[in-house]
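Dear colleague,

I am handing over the structure below, and after it you will find my notes on what I found in it. Please read them with the structure open beside you.

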Amino acid sequence: MNIFITGNPRCGKSTLIQKILDEISNKKVSGIITPEIRVNGVRQGFKIIDLASGEEEILASVNINHGPGVSRYRVNIEGIDKIMDEFLESFENSEYVIIDEIGMMEFYSKKFRETICIVLDSDKIVIATLSKKFVKKYKNKGLIHYLTRENSDEIHKKILTEII
């Protein structure tokens, strides 16, 4: 089962994923999260973290001088690839897979794109945040929930009933 959470930037997708992650922490979970890197309150980039191993790399940063650009950030494809290798090691033994997020930065990595195909074609319960730019591409791959700040509690409850 694939469940996608999409919505406008800063509507609470990652916060909702974290809530769900906390509620299934007693299950076998694998996946990735991409928290912000902030310095003195200013966003400088994003990390990419493998949930099972805790390994982390820089996903994208204003302090990287090479790699593809997305907005003011440069994407660290090698770092994404390393984390995808880590993730694949724990993926087979998991019940739930969390992906935060399927987005423009991540999609510069061929390994990320290939991994997403494997994950979405698996029999695992997958909960992923999805950039609005990819909704059309993935609309036939699972349930899509459109998140707003106003419907967050409702979507949260809906997803829990779908996965537990």
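Leaving out residues up to four places away in sequence, E106 touches T34, L59, I80, E101 and F112. Please keep in mind here and below that this is a predicted model. E106 is found in the loop between β8, which covers residues 96-102, and α3, which covers 110-120, and with a relative accessible area of 2% it falls under the 20% limit and therefore counts as buried. A polar atom of the E106 side chain lies 3.2 Å from the backbone nitrogen of G103. As for a distance across the chain, E106 and K158 are 52 residues apart in sequence, while their C-alpha atoms are 27 Å apart in space.

The loop between β8 and α3 is also the place of M105, which is buried as well, its relative accessible area being 11%. If the neighbours within four places in sequence are set aside, M105 is in contact with F46, L59, A60, V70, Y73, V75 and I80, so that L59 and I80 appear in the contact lists of both M105 and E106. M105 and S14, for their part, are separated by 91 residues in sequence and by 16 Å from C-alpha to C-alpha.

A further buried position is G7, which lies in strand β1 and has a relative accessible area of 9%. Not counting residues up to four places away in sequence, G7 touches K13, L130, K132 and L147. The C-alpha atoms of G7 and I17 are 13 Å apart, with their positions 10 residues apart along the chain.

Turning to S53, you will find this residue in the loop between β4 (42-50) and β5 (56-61). Is S53 buried, partly exposed or exposed? At 38% relative accessibility S53 counts as partly exposed, because that value lies between the limits of 20% and 50%. The side chain of S53 has two polar partners that I would like to record: it makes a polar contact with the side chain of D50 at 2.7 Å, and it reaches the backbone nitrogen of E55 at 3.1 Å. S53 and E89 are 36 residues apart in sequence, yet the distance between their C-alpha atoms is 9.3 Å.

Two residues deserve a look at their backbone angles. Most residues other than glycine have a negative phi. R10, although it is not a glycine, has a positive phi of about 65°, and N40, which is not a glycine either, has a positive phi of about 50°. R10 sits in the loop between β1 (2-7) and α1 (13-23), and N40 is found in the loop between β3 (36-39) and β4. Both count as exposed, R10 at 54% relative accessibility and N40 at 79%.

Finally, some values for the chain as a whole. Its secondary structure comes to five helices and 10 strands. What radius of gyration would a compact globule of 164 residues have? The expected value is near 15 Å, and the chain has 15 Å, which agrees. Along its principal axes the C-alpha trace spans about 45 × 35 × 30 Å. Buried residues make up 49% of the 164 residues, and, among the contacts with a separation of 6 or more, 65% are accounted for by residues 24 or more positions apart. The chain exposes about 8,600 Å², of which carbon and sulfur atoms supply 48%. As for charge, there are 24 positive and 24 negative side chains, and the centres of the two sets lie 8 Å apart.

With kind regards

Conventions. Residues are numbered from 1 along each chain as its sequence is written. This is a predicted model: local features need pLDDT of at least 70, side-chain atom pairs count only at pLDDT 80 or more; totals for chains, interfaces and linings use all residues. Side-chain values use heavy atoms; hydrogens and water are left out. Helices (H or I, at least four residues) and strands (E, at least two) are DSSP runs, numbered from the N terminus. Buried means under 20% relative accessible area, exposed over 50%, partly exposed in between (1.4 Å probe, protein chains only). A polar contact is a pair of N or O atoms within 3.5 Å; within protein, one must be able to donate a hydrogen and the other to accept it, and residues adjacent in sequence count only if both atoms are side-chain atoms. The radius of gyration is taken over C-alpha atoms; the globule rule is 2.2 Å times the number of residues to the power 0.38. Contact means heavy atoms within 4.5 Å. Accessible areas come from the Shrake-Rupley method with a 1.4 Å probe; for residues, only the protein chains shown count as cover. Lys and Arg count as positive and Asp and Glu as negative; His and the chain ends are not counted. The place of a charge is taken as NZ of Lys, CZ of Arg, CG of Asp or CD of Glu.
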